[in-house]
Amino acid sequence: MVVLLGTGGLVLQLNRVYIQQQQSRLADKGQFFQREFSATARVTTTKLKQLQEQTHVKVAVFDARNHLLFPAGGPHADLIDSVIEFQAKPNAGKSEQLRVAGHSQTAYLFRQKPLTFVLYTPQQNLWQPFWWQGVALLGALCGLAGLSGLIFAGYVYCERRSLRRVQQQLRQIGKQQPPAPVLLKPSDHYYALEQTIAQVNQQFQAQVALAKNERRNFTRFIDHLTIGVLLLDIQGQVIAHNAAAAKMLDQTISRVPHSYLNDVHDFTLSRLIKQAFATEKSQHAAIKLVPEPERYLDVNVVWMKRQTVTSTYQVAVLLYDMTAVKQIQQMQLDFVSNVSHELKTPVTSISGFAETLLAGAQDDPKARQEFLEIINTESKRLAALIQDIIALSRGQQQPARLETVALRPTIEKLLVPLQQTIRQKQIHVQLNVAQSAKLMTDRQKFEQIVKNLIINALVYNRTTGQLTITAYPQKNGWQLDFNDTGLGIGADDQKRIFERFYRVDKARSRHQGGTGLGLAIVHNLVTILGGKIQVTSQLGVGSTFSLYFPEKPQAVKLTKN
Ligand code: ADP
């Protein structure tokens, strides 16, 4: 704008100077006219025409009464006012701007008494000779400006399009989408920038993939841990967990970050976590989860020191399931108390009757005989009990030593020492076991199992009853059934007969010399040999103990009984 105004001012100034030069040139020509006519004093039309051609000006001559003398006619009526005004002034010449025939003219007036001369010439502005060239130049400039504008607009469009593509690429990076292809031509201004962005993006995507992989590995790792893991951030949001934790807390835990209170419903556990956040210190406690199923957990709430501001994990809740350990501990306590109780009875009996004998009863032959028989029975019970306890603990301690055992000869061998009982109770024993039936098993443990089941089938059988032992080949193993026609076992008792010291009828069992450990030993050994045992029974009809043994036991397991 300033440049435009400055240029306009300059042009106007130059134009003024140019017009002044025109006036001064006309004044010079006027003075020339003055000199010409003062010398001759004769003003003729011919002279005037001649001077007119010579000086290239137009001349009008008025007499003293302001009548136009030269040229005859002509558009000089509008000069009259200037001439009259001029005649009132002294004799000097004067330059003026006049309008002659509607045109602006530069005029020079002078008097040569009695005549008044008016010399005039069309007044030209500086730019008048160049008017058409100016218009043409302006047109050309406008055209040029238009063309430049178009080229500039095209350039701006291309630039903006490239920029838009670069922006699009950056947006894709922001959305973590796969790297966009390079769309710009190598000649494009932004080509280098776009290529750099694509490279940075590739590296960024690689880092993201690496981080995802790390996270997947970590999740896989904690999912395979047997301890329960909950990882919380500083706000107490669960951001990672494993299947064991979900199982122990009996919850379906969401993978979306959420408050730990959604998963931890146990008061003690949630208080422990709260304390860890409040004190910024690790917490430890053994807790019992009350709702069914009852669980004992050893809980470590670990407060992790922050290594960087961006550390995600703040608290690790580690849950160790102690339920099985607790159960074993309880079982051991129960076992010790049962054993003490079972031992106490025969020991008290033996020592009591021995004392009575020593105190004088030995002198009474009848009493002596009776008491000695009691001592004998009780000591046998004691021996049997000790033997069973040893069998139980040996079964758990000694690993299975596998060998091929032929079933029929083994069972026949075990029946030999029991022949007296069989005869006394007139029990018919039937053996449906093929000679070829063989099993890969621990002979000692297998014999103990069979012996205990045969003894029970004889002891709890009725007189003239039946014992049938059948071996069925099974897929990858053998099934052995011990069927008797004895007392039978009630449905409720069937569930418990494999427990240690459980007896259906305590008095009867004791009377028969039972310890309440026979079936517990059987169950224990069958499990160790990789087999299974189950009972079907009907009160007053009889019982069948069915055992399954794999041909080759895979794993040796310990039993809870
Ligand atoms: P026990 O030394 O008392 O025989 P066991 O563990 O061998 O102990 O058996 C547990 C209980 O199961 C026995 O007391 C008895 O009541 C019942 N029982 C075991 N075998 C039989 C059977 N074949 N018929 C009926 N009852 C049985």
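Of the 18 residues around the ligand, which come nearest? They are Tyr460, Ser509, Thr515, Gly516 and Leu519, where a residue counts as near if one of its heavy atoms lies within 4 Å of the molecule.

Some ground rules first. This is a predicted model, in which local features need pLDDT of at least 70, side-chain atom pairs count only at pLDDT 80 or more, and totals for chains, interfaces and linings use all residues. Residues are numbered from 1 along each chain as its sequence is written, and side-chain values use heavy atoms, leaving out hydrogens and water.

Back to the ligand. Its shell breaks down into 8 nonpolar, 7 polar and 3 charged residues; here Ala, Val, Leu, Ile, Met, Phe, Trp, Tyr, Cys and Pro count as nonpolar, Asp, Glu, Lys and Arg as charged, and the others, Gly among them, as polar. Both α15 (518-528) and β18 (542-550) supply at least two residues of that shell, with helices (H or I, at least four residues) and strands (E, at least two) taken as DSSP runs, numbered from the N terminus.

Backbone atoms also meet ligand oxygens in polar contacts (pairs of N or O atoms within 3.5 Å):

| Residue (backbone atom) | Distance to a ligand oxygen atom |
|---|---|
| Val504 | 3.2 Å |
| Thr515 | 2.8 Å |
| Gly516 | 2.8 Å |

The protein covers 96% of the 520 Å² of accessible area that the ligand has on its own, using the Shrake-Rupley method with a 1.4 Å probe.

Now for two backbone oddities. Most residues other than glycine have a negative phi, and most peptide bonds are trans. Phe70 and Pro71, however, are joined by a cis peptide bond with omega of about -15 degrees, and Pro71 falls in the loop between β2 (68-70) and α3 (80-87). Asn476 is not a glycine, yet has a positive phi of about 60 degrees; the loop holding Asn476 runs between β15 (466-474) and β16 (477-484).

Note on methods
Polar contact = N/O pair within 3.5 Å; in protein donor to acceptor, adjacent residues only side chain to side chain.
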